[in-house]
Amino acid sequence: MLMVENESLYERYELFGCIQCGKCTGGCPVSLNSPLNIRRLMHEALVLDDLKSIYEKEELWACTACKTCTIRCPRDLRPSDLIVGMRTALIEEGHIPRTIIEALESAYKYGNPWGGMKNKRSEWAEGLDLKVLSEGCETEYLYFVCCTAAYDTRVQNVARSMTECFRQIGLDFAILGNEETCCGSEIRRMGEEGLFEMLLEQNVENFKRFGVHAIVTTSPHCYNALKNDYAQDGLEVFHYTQVLAKAIEENNPFVREIKKAIIYHDPCFLGKQNGIFDEPRQVLKSIPGVTLIEFDRCREKSLCCEGGGGRMWMEASDKGPRSAEIRVRDAVEMGAEIIATACPFCLLTLEDAVKTTGNDDKLQVMDISEILVQAV
């Protein structure tokens, strides 16, 4: 019997309810380029009696945790959570890819999965004169920057653009500086539940210590973790597009014309998992001169970029087309000049796909905040 923490997988994930319809596998974005077959995994978790059967299943690490399979399930089961449960079992037995081990160790030692030193977390903000909660200030909102925005040199520009957008709308905000630590979203979806709980406790303690009651995030992954995984009473969590959309509706300071055809890519953790579809589009439509285009697969049907679920720390499969490359080719065919998104992982995977498909001269990938700054 497949067990995780003394509980059978078929009991935890109600696998007796699975009718093997195949909708989960049929909607899986990585089934195009990996052997991942969620319907088969659901069956095997129900009928197999030991862990050995999953030890060699490298495809378990291909899942992006986009939850398309869970959304499509006619029996309201949780196939994506089953995969995370299987990963937890693999971690407990020491069957972990080397790159995942490195990310987990970094999150434990340094408070981020990127290997960045903790005392360098706020270097991105040098010269911006931001309020820092650990220095004794008061604020209405905590701006939770995100590990990727703090350490990745490309995404640091998103964090800087974000602070300028917040200033333009008059938002009273501060950062945690070097006191910020990983939200644990990807750590949990890699299957390391114990480390996730540790990070959760550290963050909740920080929020209480600094009197945080409202948080605005860069990343949909941070938003989802802080809002849904943490679910703390008295703590409001917003994605930055929600805050900007509301402020722009009242008074729009972003009035410089930008004559560009922009196509918006819905991040999985923002759109299909949290229902935030309209606010990013409202922000883009508010910019004078912008022509907003829609992908055929948009909103609830948006095609995953393949960056979530720990995939940022895994070697990409070369067995088939990557979803991000399909996305880029679709955008070019539809005449877009910019792919706009609102997620650091989407930004990085789509930008990489622009290069690998040879479309550098045709298409830019930008975060919404970076586009807004040009409209000041």
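The exercises below work through a strand arrangement and a helix packing in this predicted model.

**Exercise 1.** Work out in which order the strands of the open sheet stand, and which strands lie at its edges.

*Solution.* Begin with strand β7 (residues 261–264), which is joined by 4 bridges to strand β8 (residues 291–294) in a parallel run, and by 3 bridges to strand β9 (residues 338–341), again in parallel. Ile 262 shows both pairings, since its bridge partner in β8 is Leu 292 and its bridge partner in β9 is Ile 338. Extending this to the 4 strands of the open sheet gives the order β8-β7-β9-β10, with parallel pairing. β8 and β10 (364–367) each have a single partner strand and stand at the edges, so one side of each is left without a neighbour in the sheet. From one strand to the next, the twist averages 35°.

**Exercise 2.** Decide how helix α9 (residues 153–168) is oriented against helix α16 (residues 344–356), and which residues make the contact.

*Solution.* First take the geometry: the two helices pack at an angle of about 135°, with their axes 10 Å apart. Angles over 145 degrees would count as roughly antiparallel and those from 65 to 115 as roughly perpendicular, so α9 and α16 are oblique to each other. The crossing of α9 past α16 is right-handed. Next list the contact, in which Arg 154, Val 155 and Val 158 of α9 meet Pro 344, Leu 347, Leu 348 and Glu 351 of α16. Sorted by class, the residues of this contact comprise 5 nonpolar, no polar and 2 charged. Finally, relate the helix to the sheet: α16 lies across β9 and β10, and runs at about 170° to β10.

Definitions and conventions
Residues numbered from 1 in each chain as written. Predicted model: local features only at pLDDT ≥ 70, side-chain atom pairs only at ≥ 80, totals over all residues. Heavy atoms only, no water. Axes fitted to C-alpha atoms, helices over the stretch in contact; angles between N-to-C directions. Parallel < 35°, antiparallel > 145°, perpendicular 65-115°, else oblique. Left-handed = near helix turned anticlockwise from the far one by under 90°. Contact = heavy atoms within 4.5 Å. Nonpolar A, V, L, I, M, F, W, Y, C, P; charged D, E, K, R; others polar. Pairing = 2+ DSSP bridges.
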